Amino acid sequence: MITRREEQEHSIREFMRGGKKHVEHTKLSSALPENVRIFNVLTLIPGASIGYHIHEEETELFYFLEGNGRVQDDDQFHDVSAGDSMATFSGHGHGVENTGDRNLVILAVIVKD
């Protein structure tokens, strides 16, 4: 199944999970397997963030495509940049902030346990 670029859904979420500014979501596929909740590209403008939150009965995977940021992984903080990845398993939490001067672009996949 192919989802063409012009068919991909775009949306803006303000103050995502209590974060700053807004996050643009691009839904990459019009159909997903039953155990996949999202397969999106997330774009955070400079200064934008996704607030810290805990995942229950699902795992979220991030692959950082562009830009620089800082993530909270449970109680630890790490700087990230293009080419880095992150896994947040069920029962664990994370948040992410764009600390750079250009967009932070993330491929995000959530798989239900």
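## Buried rings

A residue counts as buried when its relative accessible area is under 20%. F62 has a relative accessible area of 5%, so F62 is buried. At 0% relative accessibility, F64 is buried too. Keep in mind that this is a predicted model.

These two phenylalanines also turn up together. Search the whole structure and you get 1 aromatic pair, and that pair is F62 with F64. The arrangement is edge-to-face, with 75° between the planes and the centres 5.9 Å apart.

## The nonpolar core

In soluble globular proteins, nonpolar side chains tend to be buried together. Here, the largest nonpolar core has 17 residues. Which of them touch the most other members? They are L42, L44, I50, F62, F64, V96 and I106. As for who supplies the core, β3, β5 and β10 (104-112) each put in at least two residues. The biggest giver is β10, with 4 residues.

V96 is a good place to look around from. Leaving aside residues up to four places away in sequence, V96 touches both rings of the aromatic story, F62 and F64. Its other contacts are L44, A48, S49, I50, R70, V71, L104 and I106.

## Strand β9 and its partners

Strand β9 covers residues 93-98, and 5 of its 6 residues are buried. β9 pairs with β4 through 4 bridges, and the two run antiparallel. One spot to check is S49, whose bridge partner in β9 is E97.

β9 also pairs with strand β6 (residues 68-73), again antiparallel, this time through 5 bridges. For this pairing, have a look at D73, which stands opposite H94 in β9.

## Histidines at the end of β4

H53 sits in strand β4 (residues 49-54), while H55 is in the loop between β4 and β5. Are they buried or exposed? With 10% relative accessibility, H53 counts as buried. H55 is buried as well, with a relative accessible area of 2%.

The side chains of H53 and H55 are joined by a polar contact of 3.1 Å. H53 has another polar neighbour: a polar atom of its side chain lies 2.8 Å from the backbone oxygen of G51.

Now for what these histidines touch, not counting residues up to four places away in sequence. H53 touches R17, E60, H92, G93 and H94. The contacts of H55 include E60, H92 and H94, and H53 has those three on its list too. H55 also touches T88, F89, S90, G91 and I110.

## Salt bridges

Side chains of opposite charge can pair when their charged atoms come close. How many salt bridges does the structure hold? There are 3.

One of them pairs K20 with E97, whose closest N and O atoms are 3.2 Å apart. This pair ties distant parts of the chain together: K20 belongs to the loop between β1 (9-14) and β2 (22-27), E97 belongs to strand β9, and the two are 77 residues apart. Both ends are partly exposed: K20 has a relative accessible area of 46%, and E97 has 27% relative accessibility. This is the E97 that bridges to S49, so you can find the salt bridge by following the β4–β9 pairing.

Another salt bridge joins R37 and E58, at 3.0 Å from N to O. Here too the pair links distant parts of the chain, with R37 in strand β3 (residues 36-44), E58 in strand β5 (residues 58-66) and the two positions 21 residues apart in sequence. R37 is partly exposed, with a relative accessible area of 38%, whereas E58 counts as buried at 10%.

The side chains of D79 and R70 also meet in a salt bridge, 3.0 Å from N to O. D79 is exposed because its relative accessibility, 59%, is over the 50% cut-off. R70 is partly exposed, with a relative accessible area of 34%. R70 is also one of the residues that V96 touches, which brings you back to the core, where V96 is among the members that touch the most others.

Conventions:
Residues numbered from 1 in each chain as written. Predicted model: local features only at pLDDT ≥ 70, side-chain atom pairs only at ≥ 80, totals over all residues. Heavy atoms only, no water. Buried < 20%, exposed > 50% of the residue type's maximum accessible area, 1.4 Å probe, protein only. Polar contact = N/O pair within 3.5 Å; in protein donor to acceptor, adjacent residues only side chain to side chain. Contact = heavy atoms within 4.5 Å. Pairing = 2+ DSSP bridges. Salt bridge = Lys/Arg side-chain N within 4 Å of Asp/Glu carboxyl O. Core = buried A, V, L, I, M, F, W, Y, C linked by side-chain atoms within 4.5 Å. Phe/Tyr/Trp six-rings, centres within 6.5 Å; stacked < 30°, edge-to-face > 60°.
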